[in-house]
Structures are given as structure tokens and as C-alpha cells.
Amino acid sequence: MGISVFKDDVKLERGKHISTELLKAIEESRIAIIIFSEDYASSTWCLEELATIMECVDQKEQTAYPVFYNVEPSDLRMKGEKSSFAKALEKHVEDFKAYKPEADHMDYAMQRLGKRYLALREAKRNQTIRDNLEKVQRWKNALHRAAGIAGLDVRKTANG
């Protein structure tokens, strides 16, 4: 029938990138069904997929249908202290701000260059943190946009 289903069965390890094949499949889709659950925002992979879907909704006229599984659209808008989405995004921010690049064998050799190397390394670290914080803002925007789309609230169905 021309329907392909993409389900994230395997957890993406922290720091790994989303498969380019998966992003391509999202971009080539006409319809995206997004299932939001309580732990959804704890996955950077899910948030990246959502941001891509929302970009496709804007640019390619893709249709998105959110399904709210034991969450409310207001949870995605991160209203209130109880929002698991707000807590998860705050955790991502904390993790990104705590970023420290791993030392490798080149680091030890480069440290001999002294202060200039340390300044360059710190500048790169700061740029990485800024890039990641911009990513979190992109995720927040995508969540707010998705919350505004009429979708299915599973709790309001006959059998939940």
C-alpha cells in the first residue's frame, strides 16, 4: 500500500548521530505519526527526529499527526514544574554545559604548545556547547509546534 513504518527499536548510544537513512526516510515521507510518551524528550534521537519532521511540515508540506500517550499537549509546551519534557530538556542543557572533550594521545603532545593550544581547545569546547544549546532551543520550538497540532489523546479513547 506504499506505507513504510519506521520504529526506533534500538537505542542510540549517547553522542551517536542519527542514521542518515532514517532522516532521509523522514524527509521523503508525506505523513509522520509522532507518538509522544512521558520519556520521549529524554531521547536526543527522538528530539532530532521531531525537529526534522517539523521542518518537513514547514518546507515540504508533510502532514504530522501527534499521538499523546499518557501525556498532554501542555506537557510538550513545558508548562508547569511537573512536565517530564521540561525536566528532560533541562537535563540535556546540564549535560551539554558539562561537556568536556575526551583527551587523546594528540592532546598530550599538543599541550606542549602551551597556552595557545589550551585557548584553542577551550574555544572549540565553548563553540560545541553553544551549538548544542542551539539544538535544545530547536527541540523546544519543535515540541511547542507539535503540541499545537490536533492529535489523538490516547487517554480519551474508549479503552485508553
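This text walks through a predicted model, from a patch on its surface to rings and contacts elsewhere in the chain.

Start on the outside. Five residues form a nonpolar patch on the surface: Ile31, Ile33, Ile35, Tyr65 and Tyr69. Together they offer about 540 Å² of accessible area. Where does the largest share of this patch come from? Strand β1, residues 31–36, supplies three residues.

Take Ile35 as an example. Ile35 sits in strand β1. Its relative accessible area is 52%. The cut-off for exposed is over 50%, so Ile35 counts as exposed.

Now turn to the cysteines Cys46 and Cys56. Is Cys46 buried or exposed? A residue is buried when its relative accessible area is under 20%. Cys46 has 17%, so Cys46 is buried. Cys56 has 4% relative accessibility, so Cys56 counts as buried too. How many disulfides does the structure hold? The count is zero.

Next come the aromatic rings. A ring pair is described by two things: the distance of the centres and the angle of the planes. The structure holds five aromatic pairs. One of them joins Phe96 and Trp139. The centres of these two rings are 6.2 Å apart, and their planes meet at 45 degrees. Why is this pair called tilted? Planes under 30 degrees apart count as stacked, and planes over 60 degrees apart count as edge-to-face. The rest are tilted, and 45 degrees falls there, so the pair of Phe96 and Trp139 is tilted.

Follow the chain between the two rings. Phe96 belongs to helix α4, residues 84–97. Trp139 belongs to helix α6, residues 115–147. The two residues are 43 residues apart, and their pair links distant parts of the chain. Both partners fall under the 20% cut-off for buried. Phe96 is buried at 16% relative accessibility, and Trp139 is buried at 1%.

Other rings join up as a group. Which residues do ring pairs link into a cluster? They are Phe36, Tyr40, Phe68 and Phe85.

Finish at a loop. Ser83 lies in the loop between α3 (73–76) and α4. Its relative accessibility is 1%, so Ser83 counts as buried. What does the side chain of Ser83 reach? The partner is the backbone nitrogen of Ala86, at 3.1 Å.

Terms used
Residues are numbered from 1 along each chain as its sequence is written. This is a predicted model: local features need pLDDT of at least 70, side-chain atom pairs count only at pLDDT 80 or more; totals for chains, interfaces and linings use all residues. Side-chain values use heavy atoms; hydrogens and water are left out. Patches are made of residues with over 30% relative accessible area and no salt bridge: like charges are joined within 9 Å, nonpolar side chains (Val, Leu, Ile, Met, Phe, Trp, Tyr) within 5 Å. Accessible areas come from the Shrake-Rupley method with a 1.4 Å probe; for residues, only the protein chains shown count as cover. A salt bridge is a side-chain nitrogen of Lys or Arg within 4 Å of a carboxyl oxygen of Asp or Glu. Helices (H or I, at least four residues) and strands (E, at least two) are DSSP runs, numbered from the N terminus. Buried means under 20% relative accessible area, exposed over 50%, partly exposed in between (1.4 Å probe, protein chains only). A disulfide is a pair of cysteine sulfur atoms within 2.5 Å. Rings of Phe, Tyr and Trp (its six-membered ring) pair if their centres lie within 6.5 Å; planes under 30 degrees apart count as stacked, over 60 as edge-to-face and the rest as tilted. A polar contact is a pair of N or O atoms within 3.5 Å; within protein, one must be able to donate a hydrogen and the other to accept it, and residues adjacent in sequence count only if both atoms are side-chain atoms.
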